[in-house]
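This briefing covers strand pairing and one pocket. Keep the structure open while reading.

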Amino acid sequence: RGRGSVSYLLRDADPGFSPSSSPDPADDALLFAFRKGSLLHFDEPFALPTVAQAREAGLRVEHPCALGTLGGRAPAFTSLADDAPLPPALRASGLRRLLFSLDGPLLHAAALAAQLAHFESTFRYCGACARPLARKPGERAKRCDACDRDLYPPVAPCTIVLIHRGDEVLLARAPRLPPGMYALVAGFVEPAETLEACVQREVKEEVGLEVTDIRYVASQPWPFPSQLMVGFFARAVGGELRPDPSEIEDARFF
C-alpha cells in the first residue's frame, strides 16, 4: 500500500469501478459533491453521502450526473457553487489530502468525479457566442446549439522526469510543497511541442541542466484539476545546476 499503489491505481483500470454516463442517478446513489475543488464527505469514519442524505443535510443538489458503477452501486457527481454553505454534518477535503487514504476503486471514482465536476463548473458558457451550454445526452460533453459545437472535458498533458547522474537522482523543491518535501521536475506541454522536447525545456528552465536518453516510463491521470501526467527517465549531461527562483527554491542530487 502507499504511494506506489496509488500511482498504479490511478493509471490502470480498476475492476471495482466502471465509468459510465448512464443510468440517471437515484436518490440512494453515492454522491461525489465538490465545492471549490474539495470533496464533501462524512468524517470519522470517512463516508460519502447519498444524494438523499446530501439534500437532507442542506445541500442544494439539483442535477447530479451519473458516474458509472462502484461496488455494484451507481454513484453520481455534482459541482456546487463556491458560496454553497457547508452543512455541519459534512466536511470538505481536497483530493490531494485523501489520495493515500481512499481505497483503489473509490480513489479511481473520486479522481474521475473531480475532473468531471471541474468541467461542469468551468464550461458553463460557449467561448464563441457566450450562450449557456447544455449537457449533451449520453456523452461527457456540453453542447452549444447556436454554434453547432460540442465541447468535451479538456485534458492537459504534462511531463514529469526522474533525472539520473551516475548513481544520483535530481530532486527539486517548490515553495508550495510541505516543509522538507522534494519532488521531480514537471511541467505542462506547450503547443507544437513533443513530450521529449517538453522534458528538455522544463529541465533547462527550472534547474539549468541539459538531459539526454529521454525514456518513457508510464502515464496516469492527475486530477488537479485535469492533467495527464506522462513520466520519463533522463540522464543529465551538461549545464549548471541553477534553480529558477521564480519556481524552485532548491534543487540537488541525492
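Two strands count as paired if DSSP finds at least two bridges between them. Strands β11 and β12 have 2 bridges and pair in the antiparallel sense. The model is predicted. The points below take β11 and its partners, then an open sheet, then the second largest pocket.

**Strand β11 and its partners**

- Strand β11 covers residues 156-165, and β15 covers residues 227-239.
- These two strands run parallel and are joined by 9 bridges.
- Within this pairing, Thr159 of β11 has Val230 in β15 as its bridge partner.
- Strand β13, residues 185-188, pairs with β11 in the antiparallel sense, over 4 bridges.
- Here the bridge partner of Val161 is Val185 in β13.
- Strand β12 spans residues 168-173 and also pairs with β11 in the antiparallel sense.
- His164 stands opposite Val169 of β12.
- β11 and β12 form a hairpin with 2 residues between the strands.
- In that hairpin, Gly166 takes a positive phi near 65°.

**The open sheet**

- Five strands make up an open sheet in the order β4-β6-β2-β3-β7.
- Pairing in this sheet is mixed.
- Its edges are β4 (65-66) and β7 (91-94); each has a single partner strand, so one side of each is left without a neighbour in the sheet.
- At the β4 edge, β4 and β6 run antiparallel and are joined by 2 bridges.
- Cys65 stands opposite Phe77 of β6.

**The second largest pocket**

- The volume of the second largest pocket is about 890 Å³.
- Its lining holds 31 residues.
- Closest to the pocket centre are Ser79, Leu80, Ala81, Glu120 and Ser121.
- Which elements give two or more residues to the lining? They are β2 (31-35), β6 (76-79), α4 (104-122) and β8 (134-135).
- Helix α4 gives the most, with 5 residues.
- By residue class, the lining divides into 16 nonpolar, 6 polar and 9 charged.

**Where the topics meet**

- Strands β2 and β6 belong to the open sheet, and both give two or more residues to the pocket lining.
- β6 is joined to the edge strand β4 by 2 bridges.

Terms used:
Residues numbered from 1 in each chain as written. Predicted model: local features only at pLDDT ≥ 70, side-chain atom pairs only at ≥ 80, totals over all residues. Heavy atoms only, no water. 1 Å grid on protein atoms, 1.4 Å probe; cavity = no way out; pocket = protein on both sides within 12 Å on 5 of 7 lines; lining within 4 Å. Points joined across faces, edges and corners; volume = space filled by probe spheres on them. Nonpolar A, V, L, I, M, F, W, Y, C, P; charged D, E, K, R; others polar.
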